[in-house]
Amino acid sequence: MIKKDVLGIRDMSKEDLIEILNTAKEMKKIIEGEKISDILKGKTIITIFFEPSTRTRLSFEMAAKYLGAHFGNIETKTSSVIKGESLIDTVRTVERMKADVIITRHNMSGAPHLMAKYLNASIINAGDGLNEHPTQALLDLMTIGEKKESFKGLKVVIIGDIVHSRVARSNMWGLLKLGAEVRLAGPATLLPKTFEKLGVKVYYDINKAINGVDVVMGLRIQLERQKSGLFPSKDEFARYFGITSERMRLAKKDAILMHPGPINRNVEILSEAANSGYSVIEEQVTNGVAVRMALLKLLCERRRNNENNY
Amino acid sequence: MKTIIKGGTVINGYGANEKADILVDNGKVEAIEKTIESNDALIIDANGKYVLPGFVDMHTHLRQPGFEEKETIKTGTHAAVAGGYTTVACMPNTNPVIDNEVVVEYIKSIAKRDGYSKVIPIGSMTKGMMGEEISEMAKLKDAGIVALSDDGHPIMNAGLMKRIMIYGSMYDLLMITHCEDKMLSGEGVMNNGLISTMIGLRGIPHEAEEVMIARNIILAKSTGARLHIAHVSTKDSVELIRRAKADGVNVTAEVTPHNLCLTEDIVDGFDTNTKAYPPLRTKEDVDALIDGLKDGTIDVIATDHAPHTKDDKKVPYEIAAFGISGIEIAFSVIYTYLVKNGLITLEDLVSFMSINPAKLLKTSYGIKVGNAADITVVDTNKEYTVNVDNFKSKGKNSPFNGKRLTGVVEYTLVDGKIIYKNNGKFEECNV
């Protein structure tokens with residue numbers, strides 16, 4: 001049984017992950033079929049994003065609507081919350097509109113955890129600072145699960161700006177829990193050795209990192225990191241850490257190439273590779289809706305079962 | 001009013017640790033003898049308890065003037081005496097900053113009117129703590145300061161720091177420095193290490209502290225200034241200070257109770273009450289800090305009592321205020337984590353929390369006939385559970401909330417008056 005809030009993959013059990021992924025398979029049938037169900041009839045789902053997003057927010061909206069929930073959205077101008085002073089007030093207001101599940105994205109790590117502390121509604125973290133992006137990892141895991149027999153012993157490499165990536169962290173936790181071997185690759189300024197203490201391997205040579213893997217995952221690089229002196233130029237990054245078709249050939253024959261999008265084409269992934277047969281990037285998007293439906297279903301079931309507690 | 005503290009074990013700060021009675025009159029210690037009898041004296045029964053020189057905190061944030069929503073001189077000194085402190089030195093990061101004699105006079109007058117403990121203001125090194133022009137140190141000294149600090153605003157300009165040391169040393173002022181290279185700490189909010197990597201908070205590397213300590217030691221060596229390193233937190237900082245002392249540099253150092261007893265692990269979960277500068281570090285650092293106390297590298301345990309409002313902390317970790325409210329439980333924390341565990345003795349605690357800071361602040365120290373009767377009576381057999389709602393301080397921001405601690409302050413006497421008594425009744429008193 002999953003917890004009241006979905007704050008991160010790190011605090012989920014392996015059983016939670018498997019339950020969510022199995023439920024997502026069922027949900028995918030709804031998406032590919034009638035696109036309507038009454039599983040969330042009478043439930044209210046609200047997204048509050050403190051950071052701009054189009055795709056993730058829409059993916060949650062579609063998930064809620066396919067399941068027959070009431071759906072609302074608040075877009076909070078970053079200027080009014082830049083100091084975070086109204087964070088608790090804002091989400092409390094939303095809760096008072098009888099939200100059952102609040103989905104939130106915030107540019108600061110731990111913001112959803114803070115909200116969860118003060119709310120009865122279930123919180124789903126749609127990305128918090130550098131910490132976690134659990135639904136992205138779930139959709140990645142679902143996509144890998146569809147393509148590969150088993151997670152056990154599967155070799156996965158995540159490449160790019162690891163230290164600033166909540167996608168990398170969530171995937172790392174999920175993959176480790178499911179028994180995969182996780183490799184991280186990127187420039188040392190964006191990938192401290194400390195990660196090795198968490199049970200993953202750190203590589204500064206992308207060719208070695210990709211060699212023999214089943215899954216290659218690229219990450220979006222924030223070009224403003226260049227200004228902070230963390231890497232010298234787009235070109236140098238692309239040449240030494242870019243995912244090319246040639247480098248993909250170092251991976252296993254049936255390897256897949258993933259990316260959470262949007263891609264900086266010809267920086268972290270060369271266009272030819274993104275468009276190649278390795279790529280499952282578009283399939284990831286559909287699975288995104290499915291795992292979000294699964295979470296909404298499981299959270300609302302949990303709330304029904306625990307009604308007396310609320 | 002004559003008072004006799006009867007039957008307690010007296011640790012006087014001059015080597016004695018034995019049962020004795022203490023006669024207090026006219027605010028001073030009149031006699032210390034095996035037994036003292038009197039018909040007209042108030043008796044404090046200290047049987048089974050320890051009688052210690054009042055604690056002296058050389059790093060307190062009283063917040064007044066300017067931030068009275070966080071703390072006032074009244075509430076801060078109330079918290080101090082509840083923690084057994086009889087003197088506190090308050091940091092100049094007020095508004096206005098303690099950079100001129102008027103603010104010093106203001107604080108002294110409010111402390112005289114509202115204060116429970118004695119208050120010694122610390123002046124700023126630069127005007128407005130802006131790190132540009134040196135403050136009027138001679139005037140500040142005449143108004144009553146004994147130390148200088150720009151508190152949480154480290155002086156990044158080494159040339160300016162050197163001039164401050166040269167000028168301030170004319171007046172024998174202690175240079176209290178918060179050592180942090182801002183370029184290295186960047187946007188960090190917790191220790192840079194395993195936990196920051198795991199939970200995605202930006203880290204403050206240990207080198208940010210060490211680079212600045214090294215620089216200040218070098219400058220103190222060349223200027224001969226009395227350098228005091230505030231809140232040391234890392235293993236290599238301890239080593240730098242150890243070597244500087246061996247090298248004859250006039251340097252002393254302090255450590256906070258939370259840096260001595262807690263580690264970065266408790267930041268996992270994003271409790272903003274764990275956020276402080278310097279950040280909570282690792283077990284390795286904690287062990288090195290304790291070794292530093294034991295071999296005399298670190299001289300003082302100072303609270304860095306930093307009260308904040310609930311709203312200051314009820315925000316995401318990144319933007320929560322830095323600081324821990326801790327003056328009223330500092331004794332119990334140190335007793336529980338260090339003395340009870342056999343790492344230091346109760347006499348050591350008295351040195352770190354009373355004698356050494358008093359010497360650095362150039363006030364009288366220890367329990368001695370003729371000294372001001374600033375005395376704290378503690379019961380080391382009693383336990384309690386920390387409940388921040390009972391804090392006298394306005395700052396409820398403590399990571400020790402809910403922790404079970406040993407060692408209770410029973411009485412605090414300031415200038416011979418019982419100004420705090422553990423049954424919750426207080427005699428109002430003007431210092």
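## Two helices and an interface

Of the 12 residues of α7(A), 10 are buried, so this helix is largely enclosed by the rest of the structure. The model is predicted.

**Helix α7 of chain A.** The buried residues are R166(A), V167(A), A168(A), R169(A), S170(A), N171(A), M172(A), W173(A), G174(A) and L175(A). What do they pack against? Their partners in chain A are the helices α1 (14–32) and α6 (134–147), plus the strands β4 (122–128), β5 (155–159), β6 (181–185) and β8 (215–218). After α7(A) comes G179(A), with a positive phi near 95°.

**Helix α10 of chain B.** Here the buried residues are D285(B), V286(B), A288(B), L289(B), I290(B), G292(B) and L293(B). They pack against α8 (235–246), β14 (251–255), α9 (257–261), α12 (330–339) and α13 (346–360) of chain B. G296(B) follows α10(B), and its phi is positive, near 85°.

**Helix lengths.** Each span runs between the end C-alpha atoms.

| Helix | Residues | Expected span | Span in the model |
|---|---|---|---|
| α7(A) | 166–177 (12 residues) | 16 Å | 17 Å |
| α10(B) | 283–294 (12 residues) | 16 Å | 17 Å |

Why should α10(B) span 16 Å? The expected value follows because 12 residues are counted at 1.5 Å a residue, and the 17 Å between its end C-alpha atoms agrees. For α7(A), 17 Å is likewise close to the 16 Å expected.

**Where the chains touch.** How many residues of chain B are in contact with chain A? There are 14, and they meet 22 residues of chain A. The chain B side has 9 nonpolar, 3 polar and 2 charged residues.

Methods: Residues numbered from 1 in each chain as written. Chains lettered and ligands numbered in written order. Predicted model: local features only at pLDDT ≥ 70, side-chain atom pairs only at ≥ 80, totals over all residues. Contact = placed C-beta atoms within 7 Å. Nonpolar A, V, L, I, M, F, W, Y, C, P; charged D, E, K, R; others polar. Helix = DSSP H or I, 4+ residues; strand = E, 2+ residues; numbered from the N terminus. Expected span 1.5 Å × (residues − 1). Buried ≥ 20, exposed ≤ 12 C-beta atoms within 10 Å, placed from the backbone.
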